[in-house]
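Subject: Structure handover

Hello,

Here is the structure I promised to pass on to you. Please have a look at it first, and then read on for my notes on the helix packing and the cores.

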Amino acid sequence: MKTVVLHSGGLDSTTCILLARERGHEVTSLGIDYNQRSRAELDYATKQCKKFGVPRKVISVAWDKPQREIPLNRSLSEIGKEVSSAFLPGRNAIFLVLACAEAAGVGADEVWIGVNTLDYSGYPDCRAEFIDSFRIMIGLAIPDGAKIVAPLQNLSKPEIAREAYRLGIRPGDTWSCYRPKMSGDTFVPCGACDACILHNHAWDEILAQNNPNK
């Protein structure tokens, strides 16, 4: 099974890389350089691919994208009540089209994307309705193309972290921050954006279970 995985370097997409590899797939990591603020994610994904021995390809998109407001210091109860102001319209649709085109070009059987909607999703293009509709559209655009797989769709963030831990991923191995800051000559997570808050929420329970004395 030849599989293209949309891979940002974050918890979800990195878990997808290792899940596909565990299942015996021939995996290619596909990154999208779309002029994102969080350039650290590209570096993290490249390092992960070197560590795990996974081929990496990056598609550059010259996108003068609109700037979005990044919410800060929100509680878990606030996140996901409505569409986040950080939502970038069209991003996942563009990513999936590019991934499916890449898959068609290399003869891949599947395209994996690490979207999930349980708990705290304020992103319409992570929902099952979007993925289902995209499957119909891309089936018309690329007949007999790669199957779209969203293996984490119905998992909560802690459940994803539990699977990631089983696969050998630890909290500092992935990048999720929307608003990185500099510490010396190194990017570090801000700790205040929704992505950081959800990342910490995902790991808290898992780390407590596996490190009961810490």
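Let me begin with one pair of helices: H3 passes H4 in a right-handed crossing. Please keep in mind that this is a predicted model. The axes of H3 and H4 come within 12 Å, and they cross at roughly 40°. An angle from 35 to 65 degrees is neither roughly parallel nor roughly perpendicular, and H3 and H4 are therefore oblique to each other.

Which residues meet where H3 packs on H4? From H3 come Asn 92, Ala 93, Leu 96, Val 97 and Cys 100, and they meet Phe 130, Ile 131, Phe 134, Met 137 and Ile 138 of H4. By type, the residues of this contact are nine nonpolar and one polar, with no charged residue.

Now to the cores. The largest nonpolar core has 37 residues, and the members that touch the most others are Leu 6, Leu 96, Val 111 and Ile 148. At least two residues of this core come from each of strand E1 (2–6), strand E2 (26–33) and helices H3 (91–106), H4 (128–141) and H6 (194–210). H3 gives the most, with five residues.

Ile 148 is a good place to zoom in. Leaving aside residues up to four places away in sequence, Ile 148 touches Leu 96, Cys 100 and Val 111, as well as Ile 131, Phe 134, Arg 135 and Ile 138. There is also a second, separate core of 22 residues, with Leu 152, Leu 167, Ile 169 and Trp 203 among them.

Best wishes

Methods
Residues are numbered from 1 along each chain as its sequence is written. This is a predicted model: local features need pLDDT of at least 70, side-chain atom pairs count only at pLDDT 80 or more; totals for chains, interfaces and linings use all residues. Side-chain values use heavy atoms; hydrogens and water are left out. A nonpolar core is a set of buried Ala, Val, Leu, Ile, Met, Phe, Trp, Tyr and Cys residues joined through side-chain atoms within 4.5 Å. Buried means under 20% relative accessible area, exposed over 50%, partly exposed in between (1.4 Å probe, protein chains only). Helices (H or I, at least four residues) and strands (E, at least two) are DSSP runs, numbered from the N terminus. Contact means heavy atoms within 4.5 Å. Axes are lines fitted to C-alpha atoms, for helices over the stretch in contact, and angles run from 0 to 180 degrees between N-to-C directions. Angles under 35 degrees count as roughly parallel, over 145 as roughly antiparallel, 65 to 115 as roughly perpendicular and the rest as oblique. A crossing is left-handed if the near helix is turned anticlockwise from the far one by less than a right angle, and right-handed if clockwise. Ala, Val, Leu, Ile, Met, Phe, Trp, Tyr, Cys and Pro count as nonpolar, Asp, Glu, Lys and Arg as charged, and the others, Gly among them, as polar.
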